Amino acid sequence: MSTVTTQPATAVREYANFIAGEWVRPRSGEFAPNINPAHRHQVLGLFPRSSAEDVEAAIEAAARAFPSWSRLTMQARGAILHRAADLLEKRLEEVATALTQEEGKTLAEARGETARGVAILRYFAGEASQPLGEVYPSASANTFLYTTRVPLGVVGLITPWNFPVAIPLWKLAPALVYGNTVVLKPAELTPLTCWLLVDILREAGLPPGVVNVVFGRGSVIGDVLVRDPRVAGISFTGSNAVGRRIYDEATGRGAKCQCEMGGKNPMIVLPDADLDFAVELTLSGAMRSGGQKCTATSRAIVVGDILDAFTEKLVRRAQEIKVGDGMDPATYMGPLVSESQRQQVLEYIQIGRAEGAELLCGGQALTEGEYADGFYVQPTVFGNLKPHMRIAREEIFGPVVGIMHARDLDEAIALANDVPFGLSASICTRDLGAAMLFAERIEAGIVHINSETAGAEPHVPFGGVKESSSHSREQGKAAREFFTHVKTVYLDKPPVR
Ligand code: NAP
């Protein structure tokens, strides 16, 4: 195995793509700085801005590796994932620190995400000893009739910056254990964590070509991966604008495709809820990770006469939040991932004000003192949110939550459902009947009762309805549906002579 491109001791390190088991310089010869969003002048490394040729080399390597990888036993493939889980656990602090430094979330959140990565690898390693198919009775006494599952071939994985450990791993681990080979295109803003994950898989003994990583801009190299006929499946997580185009392109040429996209997730608070508890759930769902989660709470729908008390408490708590560098243990909310993400959030705040929503706290960029070098925005709460407003319907992806009022549970559920998205939703109540009615009627792929909208365990299906998803699911047993085809086998006894 060759080593990473060498650099003078004082220079910022140049990283390389990983193709056919080798770290290789991009053929473009171009690199982009990986910036710490808490300290914009801190460059964490230089990462390839790859070209189409790099993607093609990665696809070629994955195609060459497929026959031998897919013929290994599942147990042999699972054993590599087991070793990778152990190595990731050992290197947890290193990976979590890289994650906080390049993405901005707090170190506690980064440790949690990395530990989840370990759990994902262990779960799919364990899948290697689970049944792959079913045996059916046949109309013929001579026939043994069964199903099994086979890998798709080369799969392309395209991932976002907001969970750069968990999301690549929840695609990679099932892709690999079921026998696929991979070309991974991580988000340009968070390449370092992905580099570390691949280094761990390499160290765990993954054969050359089984996983290939190409760093660079999705708008330049993404299409090359999506259009290539050698790529049998595309698994994408990211925005709706990009996901819809990828879905049309990939399925248009007959490839399998799954897209997990945005959310506009509601928290309904009923009058019988413990208000402090409901406020903490709303705050955490809206502000942790700077609101940059697909499952973040962006609407609080408050029922009945508790509106004023809930609003007053939420605003007070939002104003108390400690914003700062995620490496500081006192920090509750770090910076946004980039200047352009901050601009997008500030624009939405202006739109909300112009639409007539009442700005109750926050609403500004933080630019002085310790904040001068980072991409910070104040935790922001809007009151008087109305269902027709853009800030009530569109994904903001920042630390912004709007409060709506509903007369009763029926109206609250109707408001919650009145958006194009349907990823996650929560209700806070002690009323079991209300909770069950909510679980039945809410249009969401993930339903929480007395827990925040964000948060998902690694062994159960994850995904949304309506425009949040291409109607597939990831993680747990659901991952098998995407990363395999079902094969039905009629096995007949030969004639006895
Ligand atoms: P994004 O802009 O759509 O990017 C996602 C990935 O697609 C990145 O790797 C990006 O590369 C790549 N890409 C961009 N243009 C492309 C193209 N033309 N062809 C192929 N790939 C292309 O999304 P993001 O800003 O990274 O992530 C935030 C979004 O992800 C939010 O909408 C959030 O809700 C969603 N999300 C959904 C889930 C879920 O499971 N439902 C989970 C997490 C996040 P570059 O980085 O180089 O642009």
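In the predicted model, helix α7 gives the most to the shell around the ligand, contributing four residues. The elements that supply two or more residues to this shell are α7 (218–227), β10 (231–237) and α8 (240–252). By class, the shell comprises 14 nonpolar, 10 polar and seven charged residues. Of the 31 residues around the ligand, those that come nearest are T159, G218, S239, M261 and E395.

Oxygen atoms of the ligand are approached by polar atoms of both the backbone and the side chains of the protein. A polar side-chain atom of E395 lies 2.6 Å from a ligand oxygen, while a polar backbone atom of T159 is found 2.7 Å from an oxygen atom of the ligand. For G238, a backbone N or O atom is placed 3.3 Å from an oxygen atom of the ligand. Taken alone, the ligand exposes 900 Å², of which the protein buries 89%, and the space that the ligand takes is the largest pocket.

Apart from the ligand site, the strands β5, β6 and β23 may be considered together. They form an open sheet of three strands in the order β5-β6-β23, with antiparallel pairing. Because β5 (135–136) and β23 (484–492) stand at the edges and each has a single partner strand, one side of each is left without a neighbour in the sheet. Strand β6 (residues 143–151) is joined to β23 by nine bridges, the two strands running antiparallel, and within this pairing F144 has L491 of β23 as its bridge partner.

Methods
Residues are numbered from 1 along each chain as its sequence is written. This is a predicted model: local features need pLDDT of at least 70, side-chain atom pairs count only at pLDDT 80 or more; totals for chains, interfaces and linings use all residues. Side-chain values use heavy atoms; hydrogens and water are left out. A residue is near a molecule or strand if one of its heavy atoms lies within 4 Å of it. A polar contact is a pair of N or O atoms within 3.5 Å; within protein, one must be able to donate a hydrogen and the other to accept it, and residues adjacent in sequence count only if both atoms are side-chain atoms. Accessible areas come from the Shrake-Rupley method with a 1.4 Å probe; for residues, only the protein chains shown count as cover. On a 1 Å grid over the protein atoms alone, a cavity is a set of points where a 1.4 Å probe fits but cannot get out, and a pocket is an open set with protein on both sides within 12 Å along at least five of seven lines; lining residues have an atom within 4 Å of a point. A molecule sits in a cavity or pocket if more than half of its atoms lie within 2 Å of its grid points. Ala, Val, Leu, Ile, Met, Phe, Trp, Tyr, Cys and Pro count as nonpolar, Asp, Glu, Lys and Arg as charged, and the others, Gly among them, as polar. Two strands pair if DSSP finds at least two bridges between them.
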